[in-house]
Amino acid sequence: MLVVMQEGASEALIQKVIDRLIEDGFDVHRSTGIIHTVLGGVGGPAEFDTAVFEVLDGVKEVHRIVSPYKLASRAFRPHGTVVKVGGVEIGGGRVVVMAGPCSVESREQIERAADIVADGGAQVIRGGAFKPRSSPYSFQGLGEEGLKMLRAAADRRNLLVISEVMDSTQIPLLSAYADILQVGARNMQNFNLLRELGKIRKPVLLKRGISATIEELLLSAEYILSGGNYDVILCERGIRTFETYTRNTMDVSAIPVVKKLSHLPMVADPSHGTGRRDQVPPMARAAVAAGADGLLMEVHHDPDHALSDGAQSLKPDQYAGLMDQLRLIAPAVGRTL
Ligand code: PEP
Ligand code: MN
């Protein structure tokens, strides 16, 4: 249920409504908008009369939320969420580019990556230190050593860091080095991990599962939001279909659909979305044109020798050329880059 307070409702009136919601068994999530404060009541009794809240002083209107996700629904924050981290805003006017190698491989590699991505205009460097690989015999990442290298390279070029957390025991370590914690496609429904991420106060980028529906993605986000961590960024990264030419099928339509259904920022990963570096630029362009709030892309100084995902990693000149194109496309859809 959503209780929308009247414009300028006093703190005392808001608190009275919060107290009543708690009394009736709801968990209360507060969203302070530019004009209205919205109180989301979740987990309360199955049957209740909205009129009880409609008549309380300071209440403008009350809505039942029919979607299975409540806090992730756009109704909770009609104006959208802007995730603010280290001077970067995700979900605002500027399309945020997060780029870098699939995995942190060595100090030299990640330092070179930092120069390439920063020179091209990215604001965040990516790089996995813990890698979810399909085969246990593939490179699994450098762990904490990799995170140290990534942080140092990022700091030298004034970039933020995004890196993947694979299970809840890694949250403290990742939080110490990364600005944004990535939840990989394979973990989108690792509900224990999601609940633990709800308890921290760091942004989480949640990737769509390999065969997840948009509703399932939003329900997974709801796990994090319901813990009180509202800084969630969603990511389309391709889904598995009958098509085999590309590694996955990049569902560009998920971008406007999520933007309609949810207030959360939505970014796109055309690298995993296609699995082929020749198809990354067109899908990156399409994602920005479709309204993505950001891009997550794999870039490597020598992709042919990358330890993971080389085939889908952009070469430095390809990345630079793509960024130039995106700087033309973004203004056409009312954004900057
Ligand atoms: C990655 O970003 O390198 C990654 C493993 O992504 P996904 O979880 O989307 O496969
Ligand atoms: Mn990868």
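# Reading salt bridges, a helix face and a ligand site

User: I see that E11 and R30 form a salt bridge through their side chains, at 2.9 Å from N to O. Which parts of the chain does the pair link?

Analyst: Distant ones: E11 sits in helix α1 (residues 11–23) and R30 in strand β2 (residues 27–32), 19 residues apart. Keep in mind that this is a predicted model.

User: Are E11 and R30 buried, partly exposed or exposed?

Analyst: Here you compare relative accessible area with two cut-offs: under 20% is buried, over 50% is exposed, and partly exposed is in between. E11 has 47%, so it is partly exposed. R30 has 28%, which makes R30 partly exposed too.

User: How many salt bridges does a search of the whole structure find?

Analyst: That search finds 22. Let's take another pair, D115 and R157, whose side chains meet at 2.9 Å, N to O. D115 belongs to helix α3 (residues 107–120), while R157 is in the loop between α4 (144–156) and β9 (160–164), and the two are 42 residues apart. D115 is partly exposed at 27% relative accessibility, and R157 is partly exposed at 27% as well.

User: Which other residue forms a salt bridge with R157?

Analyst: D119 does, with the closest N and O atoms 3.0 Å apart. D119 lies in α3 and R157 in the loop between α4 and β9, so this pair ties together parts 38 residues apart in sequence. Unlike the partly exposed D115, D119 is exposed, with a relative accessible area of 59%. Step back and you get a network: salt bridges with shared partners join E111, D115, D119, R156 and R157.

User: Back to α1. How do I check its length against what a helix should span?

Analyst: Use 1.5 Å a residue. The 13 residues of α1 should span 18 Å, and the end C-alpha atoms are 18 Å apart, so the two agree.

User: And which residues of α1 are buried?

Analyst: First, the general idea: an α-helix has 3.6 residues a turn, so residues three or four places apart point the same way. In α1, the buried residues are I14, V17, I18 and L21. Their arc around the axis is only 100°, so they are on the same side of α1.

User: What do those buried residues pack against, and what is on the face turned away?

Analyst: The buried residues of α1 pack against β1 (2–5), β2, β3 (37–42), α2 (51–54) and β4 (59–63). The face turned away from the buried side carries A12, K16 and E23, which are exposed. Just after α1 you'll also find G25, with a positive phi of about 95°.

User: Last one: which residues come nearest to ligand 1?

Analyst: Of the 13 residues around ligand 1, the nearest are R126, Q182, A185, K207 and R237. To read the site, go on to the polar pairs. R237 puts a polar side-chain atom 2.6 Å from an oxygen atom of ligand 1. For K131, an N or O atom of the side chain is 2.9 Å from an oxygen atom of the ligand. H272 has a polar side-chain atom 3.2 Å from an oxygen atom of ligand 1.

Terms used
Residues numbered from 1 in each chain as written. Chains lettered and ligands numbered in written order. Predicted model: local features only at pLDDT ≥ 70, side-chain atom pairs only at ≥ 80, totals over all residues. Heavy atoms only, no water. Salt bridge = Lys/Arg side-chain N within 4 Å of Asp/Glu carboxyl O. Helix = DSSP H or I, 4+ residues; strand = E, 2+ residues; numbered from the N terminus. Buried < 20%, exposed > 50% of the residue type's maximum accessible area, 1.4 Å probe, protein only. Expected span 1.5 Å × (residues − 1). Arc of directions from axis to C-beta. Contact = heavy atoms within 4.5 Å. Near = heavy atom within 4 Å. Polar contact = N/O pair within 3.5 Å; in protein donor to acceptor, adjacent residues only side chain to side chain.
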